[in-house]
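Visitor: Could you take me on a close look at one part of this model, and then show me how the rest of the picture builds around that part? I would enjoy one connected answer.

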Number of protein chains: 2
Amino acid sequence: MQPTSHEPLANVVEHLVAMTEQVAIMIAEATASLMAADLQRAEATVSADKAVNHAQDEADETIIGLMTRASTYEGDMRSLVAALRITTDLERMGDLASHIAKVARRRYPDRAVPDDLVDTFAQLGSNCRTIAEKTGLMLDTRDLALCDEIFADDQHINELHRSLFYEVLSHDWSGTVEQAVDLTLLGRYYERFGDHAVLIAGHLRYLVTGTYVRAGAAPQR
Amino acid sequence: MQPTSHEPLANVVEHLVAMTEQVAIMIAEATASLMAADLQRAEATVSADKAVNHAQDEADETIIGLMTRASTYEGDMRSLVAALRITTDLERMGDLASHIAKVARRRYPDRAVPDDLVDTFAQLGSNCRTIAEKTGLMLDTRDLALCDEIFADDQHINELHRSLFYEVLSHDWSGTVEQAVDLTLLGRYYERFGDHAVLIAGHLRYLVTGTYVRAGAAPQR
């Protein structure tokens with residue numbers, strides 16, 4: 001996303017990188033609010049989603065403005081289309097972080113995550129924050145090695161997600177149906193961060209190599 | 001999406017309407033496979049998702065081709081951007097139908113939905129099929145009254161979704177944790193059909209009125 005010859009795209013990349021930073025912070029804050037049953041932090045995360053939506057609207061206006069310039073080349077147009085898709089994925093990641101915070105808020109003053117699953121969710125939160133940060137780094141550097149890292153990180157998130165289900169469905173699990181519902185939704189939200197990061201990496205790889213691989217579209221749960 | 005003066009867009013609308021038909025059928029078939037624990041139908045629905053992905057790729061190529069033509073006007077460009085967003089939503093609806101069929105497949109020869117929730121899922125399936133069909137009709141006619149219908153239909157889907165949770169979380173519910181997990185995921189998949197239909201309606205309304213309303217982005221579960 002950083003062609004040396006076309007300055008206006010650099011502005012778009014800046015918008016997108018800023019969005020990845022917003023989203024990475026939201027994921028970390030949503031996870032913190034969940035772990036500590038921290039109502040204030042949950043509310044702040046829900047509010048932060050508006051800023052991500054606003055950032056998307058601004059980025060999209062910039063992108064569409066560039067698209068309508070008569071001098072847009074086909075290569076640029078494909079970059080701009082990829083950029084539009086990336087803002088959609090990032091906006092959705094903001095929604096997901098907000099959904100996580102809403103689960104924390106709904107169960108307050110209780111904690112939605114039982115003791116024996118705190119570690120799993122800490123890992124999910126940390127991995128999802130990292131994967132969001134890596135999409136920002138990849139936007140900045142166009143380093144394809146990061147694409148492979150993101151695909152591997154997504155697999156790891158999927159494994160954590162599966163281990164969560166094994167735990168909840170195991171015979172010794174002593175939680176309530178309400179907890180099972182919360183944990184199912186939470187697991188799904190975290191797992192979707194990985195899918196969106198993979199989609200973003202795919203859009204970026206397409207720009208660099210011209211080859212599109214449909215990935216991350218079929219989570220098992 | 002049917003401006004009289006710009007023929008090429010008519011071709012794009014045809015692609016999109018065909019996708020809405022594919023998706024509506026997938027929703028109906030996924031629901032049928034779930035209700036009857038019909039493995040063959042579930043497998044067919046999972047396979048049908050490939051055709052939706054292929055249809056998206058074809059539609060996107062057509063759209064991007066039109067975007068790169070020097071004669072694309074700003075009005076057309078916004079229509080084309082909306083069309084790209086619509087293919088993304090429709091592709092995702094195909095994924096969701098496939099996820100529903102995978103739940104049916106995973107529980108075969110058992111049925112994932114217990115007797116007392118068959119009626120709720122029949123209604124969810126029927127409403128989601130209808131809302132997908134209405135996006136096709138709206139693409140075809142640009143009739144804004146359909147936009148309001150789609151918003152209302154989405155609210156009804158959200159109510160069915162909430163009623164499902166009340167049922168699962170009620171004190172008399174006698175199902176297993178595994179069933180609770182399945183029903184939580186299934187409810188979420190159906191609820192997302194409504195959200196995507198609302199997003200599509202929003203993209204279309206924007207094209208007709210020039211006003212964009214961010215809707216359907218914040219389901220409570």
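Guide: Gladly! Let us start at A:S98, which counts as buried because its relative accessibility is 3%. This is a predicted model, so please read everything that follows as computed from that prediction. A:S98 sits in helix α3 of chain A. Leaving aside neighbours within four places in sequence, A:S98 is in contact with A:M26, A:V46 and A:D49. Another residue to look at alongside A:S98 is A:S33: the two are 65 residues apart along the chain, and their C-alpha atoms are separated by 11 Å.

From there, let us move to helix α1 of chain A, which spans residues 7-36 and holds A:T20. With a relative accessibility of 3%, A:T20 counts as buried. Not counting residues up to four places away in sequence, A:T20 touches A:L90, A:A132, A:T135, A:G136 and A:L139.

Next comes a backbone detail in the loop between α1 and α2 (39-67) of chain A, the place of A:A37. Most residues other than glycine have a negative phi. A:A37 is not a glycine, yet has a positive phi of about 45°. A:A37 is also buried, with a relative accessible area of 14%. In chain B, the loop between α1 (7-36) and α2 (39-67) is the place of B:A37. B:A37 too has a positive phi of about 45° without being a glycine, and B:A37 counts as buried at 13% relative accessibility.

A second backbone detail lies in the loop between α3 (74-107) and α4 (118-141) of chain A, where A:P109 is placed. Most peptide bonds are trans. The bond from A:Y108 to A:P109, however, is cis, with omega near 5°. In chain B, a cis peptide bond joins B:Y108 and B:P109, with omega about 5°. B:P109 is likewise placed in a loop, the one between α3 (74-107) and α4 of chain B.

How do the two chains relate as whole copies? Two copies of a chain are related by a rotation about an axis and a shift along it. Here, a turn of 180° and a shift of 0.0 Å along the axis lay chain B on chain A with an RMSD of 0.0 Å. That is the relation of a two-fold axis. The same surface serves both copies, and 100% of the contact residues of chain B recur in chain A.

Let us stay in chain B for the helix packing. Two packed helices are described by the angle between their axes and the distance between the axes. Helix α4 (residues 118-141) and helix α6 (residues 177-209) of chain B have axes that come within 10 Å and cross at roughly 20°. An angle under 35 degrees counts as roughly parallel, and α4(B) and α6(B) are therefore roughly parallel to each other. α4(B) passes α6(B) in a left-handed crossing. On the α4(B) side, the residues making the contact include B:F121, B:L124, B:C128, B:I131 and B:M138. On the α6(B) side, they include B:L183, B:Y190, B:F193, B:I200 and B:L204. Glycines take part as well, among them B:G125 of α4(B) and B:G187 of α6(B).

Helix α6(B) has another partner: helix α5 (residues 144-169) of chain B packs with α6(B) at an angle of about 165°, with their axes 9 Å apart. Since angles over 145 degrees count as roughly antiparallel, α5(B) and α6(B) are therefore roughly antiparallel to each other. The crossing of α5(B) and α6(B) is left-handed.

One of those contact residues, B:C128, leads to a last topic, the cysteines. B:C128 counts as buried, at 0% relative accessibility. The closest cysteine sulfur to that of B:C128 belongs to B:C147 and is 17 Å away, too far for a bond. In chain A, the sulfur of A:C147 is 17 Å from the closest cysteine sulfur, in A:C128, and this is also too far for a bond. A:C147 counts as buried, at 1% relative accessibility. A disulfide needs a pair of cysteine sulfur atoms within 2.5 Å, and by this rule the count comes to 0 disulfides over all chains.

Definitions and conventions. Residues numbered from 1 in each chain as written. Chains lettered and ligands numbered in written order. Predicted model: local features only at pLDDT ≥ 70, side-chain atom pairs only at ≥ 80, totals over all residues. Heavy atoms only, no water. Least-squares fit on C-alpha atoms with pLDDT ≥ 70 in both. Contact = heavy atoms within 4.5 Å. Buried < 20%, exposed > 50% of the residue type's maximum accessible area, 1.4 Å probe, protein only. Axes fitted to C-alpha atoms, helices over the stretch in contact; angles between N-to-C directions. Helix = DSSP H or I, 4+ residues; strand = E, 2+ residues; numbered from the N terminus. Parallel < 35°, antiparallel > 145°, perpendicular 65-115°, else oblique. Left-handed = near helix turned anticlockwise from the far one by under 90°.
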